[in-house]
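Biologist: Please show the model, and then let us go through it by question and answer.

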Amino acid sequence: MNAEKIDGTYIFDESLSSYGNFFKAGKILVDITTAYQKILIMDTSDAGRIMFLDNDFNVSTIMESFYHEPMAHIPLAMVNQKENILIIGGGDFGVASHVLKHKDVRHLVMCEIDEQVVQVCRRYFPDWAGKAEGDPRFSLVIGDGIEFVKKPGNKAKFDAVIIDSTDPFSSARGLIAESFYADVKASMKPDGVLIQIGADTVIYKKLWLEMIPNIRKHFPFFYPLLVPIPFYVTGAWGLVIAGSEESSIDPARVTGEYINSIGNVKTITPDMVKGWFSLPPYFKEYISGVV
Ligand code: SAM
């Protein structure tokens, strides 16, 4: 995946060497390389303010709700309590800002590995960062999520774990390992719910085939969801939701009343969520060997 500046004008987010999206660059606001990744933030005339991490499209101001709302509101519909919520990754503060819309969330901790992502997002995505950091229920840990869930103080603690990471390469590689899912499970209450960014469902077949068996070993109730997310490769993106109790993971828990109670939800209706749980044959077929 390479976001390359061509003639200083176009930024390409190439998911494969033969396929990708391009964005006409407006003002480049950040172009730095940290200990973990390259961060590029730029303004565009049509696609909003965009952040690329390691040359990979991450988020833009015009599409954020398509990704952040399902990541926050679907798992929070499926937990019995909202005492302790954990986000791993999430350094742009987008998911955190949506989680905190839930007034009954007591504590939210976000464990992000790269302090420089946090710093530039405070400056260039101030709305999300302000909503999170201005809320006394929010706390930030700079560190590796893989180590964070191993800490003795984090055992049997979380009602929901939201893994909002970069694609599983470099520092995020271990976030789809079997040993990581064992530690995530141990960090959750028995009725806790996990949601994780998955992968494109059209071209990232290999990632699904690696990730699914590892999750399934620790979470008996596991569902991939097909969620349309603009600019994420082909747009036919998948998330995964999992838990240890069958009763928790039920799309019927996303009711109209629930959505209305959050307020100003832009991309989710109860019928859409039911549809996202109902997988199309092409996707079912290629994951059928591992689910
Ligand atoms: N929605 C996004 C996408 O398209 O990939 C993800 C956004 S969020 C900014 C991803 C964050 O995960 C990055 O800031 C990255 O530093 C963080 N991350 C990657 N590996 C991590 C790890 N092992 N522990 C904690 N955070 C991690």
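Domains, ligand shell and packing

Biologist: By class, which residues make up the shell around the ligand?

Modeller: The shell is sorted by a scheme in which Ala, Val, Leu, Ile, Met, Phe, Trp, Tyr, Cys and Pro count as nonpolar, Asp, Glu, Lys and Arg as charged, and the others, Gly among them, as polar. This is a predicted model, in which local features need pLDDT of at least 70 and side-chain atom pairs count only at pLDDT 80 or more, while totals for chains, interfaces and linings use all residues. Residues are numbered from 1 along each chain as its sequence is written. On that basis, the shell around the ligand has twelve nonpolar, eight polar and six charged residues.

Biologist: How many residues surround the ligand, and which are the closest?

Modeller: A residue is near the ligand if its C-beta atom, placed from the backbone, lies within 6 Å of it. The ligand is surrounded by 26 residues, and the closest are Gly89, Gly91, Ile113, Gly145 and Ala172.

Biologist: Which elements each supply at least two residues of the shell around the ligand?

Modeller: Elements here are DSSP runs numbered from the N terminus, with helices (H or I) of at least four residues and strands (E) of at least two. At least three residues of the shell come from each of domain 1 (5–60) and domain 2 (64–287), the bounds being taken from an automatic or database domain assignment. The elements that each give at least two residues to the shell are strand E7 (56–60), strand E8 (84–89), strand E9 (107–112) and helix H5 (145–148).

Biologist: Which element gives the largest share of the side of domain 1 that touches domain 2?

Modeller: The centres of domain 1 and domain 2, taken over C-alpha atoms, are separated by 24 Å, and the contact (C-beta atoms, placed from the backbone, within 7 Å) takes 20 residues from domain 1 and 16 residues from domain 2. Two or more residues on the domain 1 side come from each of strand E2 (10–16), E4, E5, strand E6 (49–53) and E7. The largest share, four residues, comes from E7.

Biologist: In the hairpin of E5 and E6, which residue takes a positive phi?

Modeller: E5 and E6 pair in the antiparallel sense over five bridges, where pairing requires that DSSP finds at least two bridges between the strands. Met42 stands opposite Ile50 in E6. Five residues lie between the strands of this hairpin, and the one with a positive phi, near 80 degrees, is Gly48.

Biologist: Which residue in the turn between E6 and E7 has a positive phi?

Modeller: E6 and E7 run antiparallel and are joined by four bridges, with Leu53 opposite Asp56 in E7. The hairpin has two residues between its strands, and the turn residue with a positive phi, of about 50 degrees, is Asp54.

Biologist: Why do the buried residues of H3 lie on the same side of the helix?

Modeller: A residue is buried if 20 or more other C-beta atoms, placed from the backbone, lie within 10 Å of its own, exposed if 12 or fewer, and partly exposed in between. In helix H3 (residues 115–124), the buried residues are Val117, Val120 and Cys121. They lie on the same side of H3 because the arc that they cover around the axis, taken from the directions from the helix axis to the C-beta atoms, is only 100 degrees.

Biologist: Which residues does Tyr124 touch, not counting residues up to four places away in sequence?

Modeller: Tyr124 is placed in helix H3 and is partly exposed, with 18 other C-beta atoms within 10 Å. Its C-alpha atom is 9.4 Å from that of Met42, although the two are 82 residues apart in sequence. With residues up to four places away in sequence left out, Tyr124 touches Leu29, Val30, Ile41 and Arg49.

Biologist: Which exposed residues does H4 carry on the face turned away from its buried side?

Modeller: The buried residues of H4 are Trp128, Ala129 and Ala132. They cover an arc of only 95 degrees around the axis, which puts them on the same side of H4. The face turned away from that buried side carries the exposed residues Pro126 and Asp127.
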